[in-house]
Amino acid sequence: MSARRRANAGFRDHEAGHDPAQALAERKLLFVVCAAGGGSIIDSFLPVLDTEVVNGEPASLDVYPESLIRQPEGSNIRCLRNLSNTSYFTPTFSMEGFLQNHYPDTVVLTHENTSVNHEVAQRRAVTGAGIDSGRTILEAAALRHGSDLLLPNCAMATGGYIAPGTDASLPRWARGEIVADPLMFASSTHGYRGVLGAPDAALIERARGVRRQLDDASPFGQTFRDSPLRQQYLSLRDENQAGVEVADLISKLMLVPQDALPSKFGLESSPIVDLVRETFPSMYTDPWQAKAALSFALAYFGVSCAVSLSVDFEPVGTTSSLISTPLAFDYSHNDHRVAQNIMWGRVCLVLDGLIRLLKSSDYLGDPALGKMWDRSLVYVATDFGREKIRPFNSGSYGTGHHLNNGSLLISPLLKGNQVFGGIDPDTLLTYGFDRESGAPEPGSLMREGDVYSAVAQALDIEFAQRRDMSAMMKA
């Protein structure tokens, strides 16, 4: 490939002195799990007891009795238990189960957003409201840790979470690769394997070689020889796609079990298919679990270092029950407490399974590289919070969008088992903290840029406007 074509395509040339072994040792993994629709922190991991309200009216606030709140032994964070009355929805997991398993690495970071529009708020949740030249945190992670990877940034989210950032200088390869179907994604990574009646590989490669010659010799190729868009297309087709095929991603990422792959296609299941199926047993009927399974596989095989996945706005269920709401967390408009409880359980199901896989698995299958969890951070991104009030003494009501909220972060890279910030029990509004000491600061507010900065600092991502979030970092 010519130097000009490589430059125009944003090809990943390595600077002099680049040490692949050092890059591998320093690599961090980012998983952005999106609680789409407005996951409320006061209905999950920062609930307020009705008895803690001093100057307000508990019966008119979104507070809970002690019987519905759990705090595992040793945990400084508490959560809601599963509700007993969830109408026609069926809880699939509990926040209590997640917190019991992972509280030492869990952090609640309180903040207030700057938009209650879904698309805008989702975008700001992953760009820090533009703090890093408009890059998403996934793009920044891919740029910092993924220059050696085939698909450093993979996107299985929706809405504003999946939109690219606005930094025009970002190399093309650091932008998110859209994954429409996690179970069938593997089949898209090879041009002809699994195609019945396809010519043999040698003939296909010969045809590809002729195509490359014709591309450059054609009138179109001559006229637009130096077009950046054309060079980018040729790079993707002739360089990146070839690398993906050689890496055998069609096998590594094939999450369909071997007995379900007809032998006539000549395909093989992923060597980790049984592992992920054991962790996510409903992955073949539940897209949410399928996304989590592929997220792990992409990181395990060193394909990606940044992955996003979000709950869908379509309801999911079995023949006998619904396990997710319509509109995900935004079903809170109809039934706030049920929507929050069911959907936080859905999120925690994936969080628990993904983290257990990361904790038990060696990175790239190599014990010398340590456990995947040692280099991972999970950021639970959400649009905004929900209203803090309710009809007097009501347990069933709808809520609107609200700027004030908080986020959940889980990582051994953070100072875990802590709430950074706090909440006023009389208003249910969260407040900020001192970024260096961690001391609560009632009256102050953290913003999207603080969340972005905390994730970036934990992942060794430098940028000019990064805020010093040292209080949250593990020494």
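**Note on the predicted model**

1. Overall make-up. The protein has 13 helices and 15 strands. This is a predicted model, and local features are taken up only where pLDDT is at least 70.

2. Dimensions. The radius of gyration is 24 Å. A compact globule of 475 residues would come out near 23 Å, so the two values agree. Along the principal axes, the C-alpha atoms fill a box of roughly 80 × 50 × 45 Å.

3. Burial and surface. Of the 475 residues, 55% are buried. The protein exposes about 19400 Å². Carbon and sulfur atoms supply 52% of that area.

4. Contacts along the sequence. Take the contacts between residues at least 6 apart in sequence. Of these, 71% join residues at least 24 apart.

5. Charges. The protein carries 42 positive and 55 negative charges. Their mean positions lie 6 Å apart.

6. The eight-stranded sheet. This sheet is open, and its pairing is mixed. The strand order is β6-β5-β7-β1-β8-β11-β4-β12. At the edges are β6 (177-178) and β12 (418-420), each of which pairs on one side only. Strands of a sheet pair through backbone hydrogen bonds, either parallel or antiparallel.

7. One pair inside that sheet. Strand β4 covers residues 106-112, and strand β11 covers residues 404-410. The two pair in the antiparallel sense over seven bridges. To find the register on screen, start at His-111, which stands opposite Asn-405 in β11. In a regular strand the side chains alternate between the two faces of the sheet.

8. Helix α5. Is this helix enclosed or open to the outside? Seven of the nine residues of α5 (residues 137-145) are buried, so the rest of the structure largely encloses this helix. The buried residues are Ile-137, Leu-138, Glu-139, Ala-140, Ala-141, Ala-142 and His-145. Note that Glu-139 and His-145 are on that list.

9. What α5 packs against. Its buried residues meet helices α2 (20-26), α4 (118-127) and α13 (448-458). They also pack against strands β1 (29-35), β5 (153-156) and β7 (306-310). β5, β7 and β1 are members of the eight-stranded sheet, where they follow one another in the order β5-β7-β1.

10. The three-stranded sheet. A further open sheet has the order β13-β14-β15, with antiparallel pairing. Its edge strands are β13 and β15, each pairing on one side only.

11. The β13-β14 hairpin. Strand β13 (residues 422-423) pairs with strand β14 (residues 430-433) over two bridges. Ile-423 has Thr-430 as its bridge partner in β14. Six residues lie between the strands. Which residue here takes a positive phi? Leu-428 does, with a value near 65°.

12. The β14-β15 hairpin. Two bridges join β14 to strand β15 (residues 440-441), and the strands run antiparallel. Phe-433 stands opposite Pro-440, and Gly-432 has Glu-441 as its bridge partner. This hairpin has six residues between its strands. In the turn, Gly-438 has a positive phi of about 85°.

13. Where to look. For the register of β4 and β11, begin with His-111 and Asn-405. For the two hairpins, the turn residues to pick out are Leu-428, with its positive phi near 65°, and Gly-438, with its positive phi of about 85°.

Methods:
Residues are numbered from 1 along each chain as its sequence is written. Side-chain values use heavy atoms; hydrogens and water are left out. Helices (H or I, at least four residues) and strands (E, at least two) are DSSP runs, numbered from the N terminus. The radius of gyration is taken over C-alpha atoms; the globule rule is 2.2 Å times the number of residues to the power 0.38. Buried means under 20% relative accessible area, exposed over 50%, partly exposed in between (1.4 Å probe, protein chains only). Contact means heavy atoms within 4.5 Å. Accessible areas come from the Shrake-Rupley method with a 1.4 Å probe; for residues, only the protein chains shown count as cover. Lys and Arg count as positive and Asp and Glu as negative; His and the chain ends are not counted. The place of a charge is taken as NZ of Lys, CZ of Arg, CG of Asp or CD of Glu. Two strands pair if DSSP finds at least two bridges between them.
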